[in-house]
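User: I'm new to reading protein structures and would love a close look at one part of this one. Could you take me through a single stretch slowly, and then show me how it fits with the rest?

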Amino acid sequence: MASLTVPYTQLDEGVERLLAQAGPHYVLFVADPDPATGVSWCPDCVRCGPAAKRVAADRGAALLEVLVGPRAVWKDPRHPLRGDPLRLGGVPDLMRWGPQGAGARMGTALEKAASPAEAVAAVAKFMIDNP
């Protein structure tokens, strides 16, 4: 399956494209790359994002990567993804997605993975538990 990437402002369009692919469907929320370095400003995203992409690809799942914005934008408590209906508390986060919207989510389990190997194991378990 292909992996798609959109900014948070295009979440609805990205989900539409995601759901047009064969499932299962997952949405990964991560921080934008820092323009000065090209690397995400979020160390948890750097550690765990590639693991989520790898597991999704290995399992034949469709994955939408949503960039939540630069650090200052994401840290604003009024960020649109922090409110209803998602109530996203942190990044990275991975959610199972269906026609009715967000389903199961990893929450802090993904960002707490201490290494890329732990992130791979956590994502694999989540995808097995939430096919």
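Analyst: Happy to! Let's start with one residue, Asp93, which is buried, with a relative accessible area of 3%. One thing to keep in mind throughout is that this is a predicted model.

Asp93 belongs to strand β4. What does the side chain of Asp93 reach? The partner is the backbone nitrogen of Gly107, at 2.7 Å. If we set aside residues up to four places away in sequence, Asp93 touches Val27, Leu28, Phe29, Leu88, Arg105, Met106, Gly107 and Leu110. So Asp93 counts as buried because its relative accessible area, 3%, falls under the 20% cut-off.

Now let's look at Leu94. With residues up to four places away in sequence left out, Leu94 touches Tyr26, Val27, Leu28, Leu63, Ala104, Arg105, Met106, Leu110, Val123, Phe126 and Met127. Leu94 is also one of the residues with the most contacts inside the largest nonpolar core, together with Phe29, Leu64 and Val91. That core has 42 residues. Which elements give two or more residues to this core? They are β1 (3-7), α1 (11-19), β2 (25-30), α2 (43-59), β3 (62-67), β4 (93-98) and α5 (116-129). Helix α2 gives the most, with 6 residues.

Further along strand β4 we meet Trp97. Is Trp97 buried or exposed? Trp97 is buried, with a relative accessible area of 8%. Leaving aside neighbours within four places in sequence, Trp97 is in contact with Val15, Leu18, Leu19, His25, Tyr26, Val27, Phe29, Leu86 and Ala102. You can also compare chain and space here: Trp97 and Leu63 are 34 residues apart along the chain, and their C-alpha atoms are separated by 9.5 Å. Arg96 is worth finding too, as its charged end sits over the ring of Tyr26, 5.5 Å from the ring centre.

Next, step back into the loop between α3 (71-75) and β4, where Pro85 lies. Most peptide bonds are trans. The bond from Asp84 to Pro85, however, is cis, with omega near 5°. A second cis peptide bond joins Val91 and Pro92, with omega about 0°. Pro92 is found in the loop between α3 and β4 as well.

Asp84 and Arg87 make a nice pair to study in this loop. Both the place of Asp84 and that of Arg87 are between α3 and β4. A polar contact of 2.7 Å joins their side chains, Asp84 to Arg87. Are these residues buried or exposed? Asp84 counts as exposed, at 58% relative accessibility, and Arg87 is exposed too, with a relative accessible area of 55%. Most residues other than glycine have a negative phi. Arg87 has a positive one, near 50°.

The same loop, between α3 and β4, also holds His79. At 3% relative accessibility, His79 counts as buried, whereas Arg87 is exposed. Apart from neighbours within four places in sequence, His79 is in contact with Tyr8, Val68, Val73 and Trp74. Trp74 has another partner: the charged end of Arg82 sits over the ring of Trp74, 3.9 Å from its centre.

Val68, which His79 contacts, leads us to strand β1, the place of Pro7. Pro7 and Val68 are 61 residues apart in sequence and 6.4 Å apart in space, C-alpha to C-alpha. Pro7 touches Val66 and Leu67, not counting residues up to four places away in sequence. Pro7 is partly exposed, with a relative accessible area of 33%.

Two searches of the whole structure round off the tour. How many aromatic pairs are there? The search finds 1 aromatic pair. The search for disulfides finds 0. Two cysteines you can look up yourself are Cys42, buried at 5% relative accessibility, and Cys45, also buried, with a relative accessible area of 5%.

To look back at where we began: Asp93 sits in strand β4, and its side chain reaches the backbone nitrogen of Gly107.

Terms used. Residues numbered from 1 in each chain as written. Predicted model: local features only at pLDDT ≥ 70, side-chain atom pairs only at ≥ 80, totals over all residues. Heavy atoms only, no water. Phe/Tyr/Trp six-rings, centres within 6.5 Å; stacked < 30°, edge-to-face > 60°. Lys NZ or Arg CZ within 6 Å of the ring centre and 35° of its normal. Core = buried A, V, L, I, M, F, W, Y, C linked by side-chain atoms within 4.5 Å. Buried < 20%, exposed > 50% of the residue type's maximum accessible area, 1.4 Å probe, protein only. Helix = DSSP H or I, 4+ residues; strand = E, 2+ residues; numbered from the N terminus. Contact = heavy atoms within 4.5 Å. Polar contact = N/O pair within 3.5 Å; in protein donor to acceptor, adjacent residues only side chain to side chain. Disulfide = S-S within 2.5 Å.
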